[in-house]
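Got a minute to go through a model with me? Let's take it by question and answer.

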Amino acid sequence: MTFPASAELRNDPVALIRDKALWIRRRSFQMVYEAQLGHPGGDFSAADVLATLYFGVLRHDPADPRNPGRDRFVMSKGHCTGAFYAVLAAAGFFPEAQLSTYMQPLSMLNGHPNRNYLPGVETNTGPLGHGLPVSVGIAIAGQIDNADFRTFVLTGDGELQEGSNWEAALTAGHRKLENLTLIIDRNRLQQGARTEETASLDPLDDKWRAFGWHVEMVDGHDHRALYEVLSASPKGRGKPLCVIANTFKGKGVSFMHDNVAWHHGVPNKEQYEQAMRELA
Amino acid sequence: MSAAAPAPAGWHDCRDTFSKTVEALAEADPRIVTVVSDSVGSSKLVNFRKRWPERMVNVGIAEQTVVAVGAGLANGGKIPFVSAAACFLTARAMEQIKADIAYTNVNVKLIGQSSGVAYGELGPTHHSIEDMAWLRLLNNLTLIVPSDPWETEQAIRAAAALDGPVFIRVSRMPVPDLKRSNAKFEIGKAETLRDGDDLAIIANGVMVHRALAAAEALAADGIAARVINMSTVNPLDEATILAAAKTGAVVTVEEHSVRGGLGGAVAEVLATHDPVPMRILGFPGFLPTGSADWLLEHFHLNAAGIADAARQVLTRK
């Protein structure tokens, strides 16, 4: 089975990913500014991971979004729809103009993604701790069929406080799901405070290793590092892969950087204009 | 597990029908898989595991995951039958059923085993007498409460053929084969098992044969009770309920709480369109210690109790 690959991608994947990540930040922040709703801090911490997946790693075909052989991506941190919808539009799943309807009445672009509204969404998320367990099920289907598609899931880090993740982690480790990759957006901030001040997660890498996973730690804003770890073949690893992407909430804009106030903060006109100047 | 009295000869545990039917479906369709949470024996799936070990996914004692993994398997092209004790499958995993199954609208079949008060003496943690109320209001989720082995098989087959989420309540409480003159199962269509124009008794699951026995007793008093098997609770057959209202009195009977289940569903329809005197028969809530049979008798969920309620509601016509 072949999937379309961009000519740009073949030339220089990292340069393309960098351009797309900047575009995702700018476009998602415009969406949040216009809607006066959203989760821009998490959009920015995840933007580089999303750009890397959609423009360097995933085998997908926006013209055939339910092709059985597609790689799956599950956005478990479903509140970060600014970045997620922007990357889906950038990848061609729906027209960019649709992004201007973000959270407007009757929009297909709900605050949390709905598979029945939008092509490219695999499962409806929003409540935390749902994406990984569903992704484990997708990966098991691939394992049963000896299919070669891969399943990727992006969670927040605060989200890992939901116990459902650890149930699913047990099953994934037990079944040695090498076709499954979990990416943790490790920005160390949850809605109200730092994760380590709330219900600490460290040592996070040891937890996943103890559950039978292979762990890689990367700078979640380094496109080349992300591209290399996510595009490497999983064949023969014999374990599910956990990529702990160390990130910053609000990455890319000085006054949002690592600032918990921007979990679901929305910009006024002055802040929006300053952010756009910085995201040039 | 429950120390119930031995069932009368010729009565059946519908879990056997579930496993036999899902094996027959699996023979014909490689997409059929089973998903369990250490619930192989209690789901009567030991033989399925023996025949297709690679097509049974056991996630361990983890109901949130058993439901979510079912959703994922459907995404990967499988037709998963997720089977676990109804009490845990619903109460423990309601958000997964809401978000991953019903709202996402995936092709997953949830089998709530040993529903109602089948676990008897094990108590309210193991009873599942809230599930109809919790599940029937989820859009997209077809909810079926079969009455006997024939209907259980029909429901399982119809669920497999339907591209969408289904929950089927399967009891371990023995039931007889119901007599049907015109046996035809259709999701969303109630079945009139006995005609009568004095009042209508609307029941489902293990209460249907008791409702039929009550109608027989009422006939001896010259009262003609219609008996309706409302096995599909969502989508609800409103036309049959409104036709029943034309008798002028309705009694509902369910192995479930009196709040929010079949009685609640029927009451919503009647109150909105055609209010008539009504009685809702079921359990009051968390129950005292007792076997399943004892609980049904104690709360008058038997032929005599249903007939008494019918006579009482007729006085309000």
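What follows is a short chat about this predicted model.

Student: Which helix gives the most residues to the largest nonpolar core?
Tutor: That core holds 175 residues, and A:Leu50, A:Val87, B:Ile201 and B:Ala211 touch the most other members. Chain A has the top contributor, a helix covering residues 40–57 that puts in 10 residues. So the name you want, going by DSSP runs numbered from the N terminus, is helix α3 of chain A.

Student: From which domains of chain B does this core draw at least three residues each?
Tutor: Chain B is divided into two stretches, 14–170 and 191–314. The core takes at least three residues from each of them. That gives domain 1 and domain 2.

Student: What does B:Ile201 touch, leaving out residues up to four places away in sequence?
Tutor: Contact here is a matter of C-beta atoms within 7 Å. Among the partners are B:Arg226 and the alanines B:Ala214, B:Ala215, B:Ala225 and B:Ala310. The rest of the list is B:Ala211, B:Val227, B:Val251, B:Val253 and B:Ile306.

Student: What span should helix α5 of chain A have, at 1.5 Å a residue?
Tutor: The helix runs over residues 131–145, which is 15 residues. The expected span is 1.5 Å times one less than the number of residues. The end C-alpha atoms agree with the expectation, which is 21 Å.

Student: Is α5(A) mostly covered or mostly open, and how many of its residues are buried?
Tutor: A residue needs 20 or more other C-beta atoms within 10 Å of its own to be buried. In α5(A), A:Gly131, A:Pro133 and A:Gly142 are among those that pass. The helix is mostly covered, and the buried count out of 15 residues is 12.

Student: Which residue follows α5(A), and what is its phi near?
Tutor: The residue after the helix is A:Asn146. Its phi is positive, near 50 degrees.

Student: How many nonpolar residues are on the side of domain 1 of chain B that touches domain 2 of chain B?
Tutor: The domain centres are 26 Å apart over C-alpha atoms. The contact takes 22 residues from domain 1 and 27 residues from domain 2 of chain B. On the domain 1 side, six are polar and five charged, and the nonpolar count is 11.

Student: Which element supplies the largest share of the side of chain B that touches chain A?
Tutor: In this interface, 25 residues of chain B are in contact with 25 residues of chain A. Both α3 (63–75) and α5 (94–103) of chain B supply at least two residues. The largest share, nine residues, comes from α3(B).

Notes. Residues are numbered from 1 along each chain as its sequence is written. Chains are lettered from A and ligands numbered from 1 in the order in which they are written. This is a predicted model: local features need pLDDT of at least 70, side-chain atom pairs count only at pLDDT 80 or more; totals for chains, interfaces and linings use all residues. A nonpolar core is a set of buried Ala, Val, Leu, Ile, Met, Phe, Trp, Tyr and Cys residues joined through C-beta atoms within 7 Å. Helices (H or I, at least four residues) and strands (E, at least two) are DSSP runs, numbered from the N terminus. Domain bounds come from an automatic or database domain assignment. Two residues are in contact if their C-beta atoms, placed from the backbone, lie within 7 Å. Ala, Val, Leu, Ile, Met, Phe, Trp, Tyr, Cys and Pro count as nonpolar, Asp, Glu, Lys and Arg as charged, and the others, Gly among them, as polar.
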